[in-house]
Amino acid sequence: MHIQSKLPKVGTTIFTVMSGLAAQHNAINLGQGFPDFSMDEALMDEVTRVMKEGFNQYVPMQGYMPLREAIAEKADFLYNAKIDPANEITITPGGTYAIYTALTTILNPGDEVIVFEPAYDSYIPNIEVNGAVAVRIPLDFPSYAVNWNEVRRKINSKTKAIIINSPHNPTGSILTEEDLKSLASIVEGTNIFIISDEVYEHLVFDQKQHQSVLRFPELKKRSFVCFSFGKVYHCTGWKLGYCIADAPLMEEFRKIHQFNCFSCHTPSQVALSRYLTNREAYLGLGPAMQKKRDYFIQLMKETPFELLHSSGSYFITAKYDKISNLPDHEFAVELTKKAGVTTIPVSAFYYNSDDNKVIRFCFAKKEETLERAVERLVSLKSL
C-alpha cells in the first residue's frame, strides 16, 4: 500500500533525534524544552483530590466552565481584556494543538501565511498540510527582531494570516508594544488573521511586560491566541492548553476541535480551575525562571560559547564560532558524543536549514543539572 504523503519533506523532529542521541550517549539533555524538576505539589495534590471527588468523566467539548471563567478573569487582570468564557475560550490538548486547529480553521489551498524564522517547528507543516503556503521572513540576526517593512512588502491578496510568537522559541526574544502597534497598522483594513503563540506568556524576564495580542482590541478581533498550561506550570506531559478568540472565530475553531479531540483531561481542568485563583502562582514564574537563566549565564562565562540575549521562555541561544566551523547540526551531534551535552541546532527552525552557527540551550533545569553540563563544556577547546 502506498500513501501519497501530505508532508513529503518532513521527517522525525530534531527534538526526537537529539533526545534519542542524548540517551544513547548518556549526555546531559539541555536540548528539548522540558524541566527536570518537579511541578508544584499543590497542583499535583489538587488533581488527586478532584479525581477522588469524582471528576473523571467528560467535561463539555469547550472545556470545564469554571476553568474557562478563571482564564477569563486572568485575561482581564493581566491584559485588561474582556473575554466571554462561554463563547471565546476553548480548552485544548496543548498549545501546539491549538495552533494547528486555528490554522486548519482558516486555511484553504493556495492561501499564504507569513512565518518568521527561526520558527517553532510545527508552524510550516501545519500550513502545508492544509494546502497553504508559508511565506518565510527571517528575523534580524543576532537580535531576532522583526523587520516590519519586509512584512509590508510580503503582504498580498493571498495573505490569509501572520503567525507571531512571543516569548520566542527558540531564541527567547520578545515582541515590544511598538512591534504590536506596527502589526496592527499593517493588518488594519485587511482580512488577515493573526495566530499568536503565547505559550511562554509568564516567562518574561528583566521586569519586562508580556505584550499579549489581547491587550490590543484591533488585533484581538482577528486573532487566535494560543496558550499552554504545561509550559508555565512545568507539566509539559499534561498536554493541556487553550485558545482565545472572538466568538465568530471561536465558533469555527470548535467545529474542527469537536471532531478531533472533542474533550480534554477532566481532572487536570478541574484542578487548574482552582489553582488559577492563586495569582502568585503565575506571577512568580517569570522571576523564578529568570534566576535559572542568570545562573546559567554566569556558569557559561567560563566556556568559549557566546550567549545571545534571552528575554523570555525556557531558552537561550549561543554562538560557537570560537570552538568550531562545523555546521550547527553536525556541531550539536559532536557536542553530544564528545562533550556529553545535548543542545538543539537553530538551523532546525529554518525551512531551508539556514545556519548562523547557533545552538539552543534549555535552562529550565535543576541547578545541579546546569552545573554538571557546564563542567563538561568549560574544557571544550574545539570539536
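**Figure 1. Charged ends over aromatic rings.** In this predicted model, the charged end of Arg279 sits over the ring of Phe77, 3.6 Å from the ring centre. Lys74 and Tyr282 offer another view of this kind: the charged end of Lys74 sits over the ring of Tyr282, 5.1 Å from its centre.

**Figure 2. Helix 3 packs against helix 11.** Two packed helices are described by the angle between their axes and the distance between the axes. Here helix 3 (residues 65-79) meets helix 11 (residues 266-275) at an angle of about 40°, and the axes are 8 Å apart. Their crossing is left-handed. On the helix 3 side, Pro66, Leu67 and Ala70 make the contact, and they meet Gln269, Leu272 and Ser273 of helix 11.

**Figure 3. Strand 8 and its two antiparallel partners.** Start with strand 8 (residues 241-245): 5 of its 5 residues are buried, so the strand is largely enclosed by the rest of the structure. In a regular strand the side chains alternate between the two faces of the sheet. In strand 8 both faces are covered, with Gly241, Cys243 and Ala245 buried on one side and Tyr242 and Ile244 buried on the other. Strand 2 (residues 89-92) pairs with strand 8 in the antiparallel sense over 4 bridges, and Thr92 stands opposite Gly241. Strand 7 (residues 223-228) also pairs with strand 8 in the antiparallel sense, over 5 bridges.

**Figure 4. A closer look at Cys226.** Cys226 belongs to strand 7, and its bridge partner in strand 8 is Cys243. With a relative accessible area of 0%, Cys226 is buried. Look around it and you will find contacts with Gly95, Ala98, Ile99, Ser196, Asp197, Glu198, Val199, Tyr242 and Cys243, leaving aside residues up to four places away in sequence. For a sense of scale, the C-alpha atoms of Cys226 and Val213 are separated by 10 Å, and these residues are 13 apart along the chain.

**Figure 5. Phe205, a buried ring in a loop.** Phe205 lies in the loop between strand 6 (193-197) and helix 8 (217-220). Its relative accessibility is 0%, so Phe205 counts as buried. Not counting residues up to four places away in sequence, Phe205 touches Gly286, Met289, Gln290, Arg293, Ser310, Ser311, Gly312, Ser313 and Phe363. His329 is 124 residues from Phe205 along the chain, and the C-alpha atoms of these two residues are separated by 29 Å.

**Figure 6. Aromatic rings in pairs and in a cluster.** A pair of aromatic rings is described by the distance of the centres and the angle of the planes. The model has 19 aromatic pairs. One of them joins Tyr120 and Tyr123, with ring centres 5.7 Å apart and planes at 75°, so this pair is edge-to-face. Tyr123 counts as buried, at 3% relative accessibility. Tyr320 and Phe331, by contrast, form a stacked pair, 3.9 Å centre to centre and with 5° between the planes. Tyr320 lies in the loop between strand 10 (315-319) and helix 14 (328-339), and Phe331 lies in helix 14, so their pairing ties together parts that are 11 residues apart in sequence. Tyr320 is buried, with a relative accessible area of 0%, and Phe331 counts as buried at 0% relative accessibility. Ring pairs also link Tyr320 and Phe331 with Phe296, Phe305 and Phe361 in a cluster.

**Figure 7. Helix 14 and what covers it.** Phe331 brings us to helix 14, where the buried residues are Asp328, Phe331, Ala332, Val333, Leu335, Thr336 and Ala339. Their cover includes helix 1 (14-24), strand 11 (341-342), strand 12, strand 13 (358-362) and helix 15 (367-378). Right after helix 14 comes Gly340, which has a positive phi, near 75°.

**Figure 8. An open sheet of 4 strands.** Follow the strands across this open sheet in the order 9-10-13-12; their pairing is antiparallel. Strand 9 (306-307) and strand 12 (344-345) stand at the edges and each has a single partner strand, so one side of each is left without a neighbour in the sheet. Strands 9 and 10 run antiparallel and are joined by 2 bridges. At one position to look for, Glu306 has Lys319 of strand 10 as its bridge partner.

Technical notes:
Residues numbered from 1 in each chain as written. Predicted model: local features only at pLDDT ≥ 70, side-chain atom pairs only at ≥ 80, totals over all residues. Heavy atoms only, no water. Buried < 20%, exposed > 50% of the residue type's maximum accessible area, 1.4 Å probe, protein only. Contact = heavy atoms within 4.5 Å. Phe/Tyr/Trp six-rings, centres within 6.5 Å; stacked < 30°, edge-to-face > 60°. Lys NZ or Arg CZ within 6 Å of the ring centre and 35° of its normal. Pairing = 2+ DSSP bridges. Axes fitted to C-alpha atoms, helices over the stretch in contact; angles between N-to-C directions. Left-handed = near helix turned anticlockwise from the far one by under 90°.
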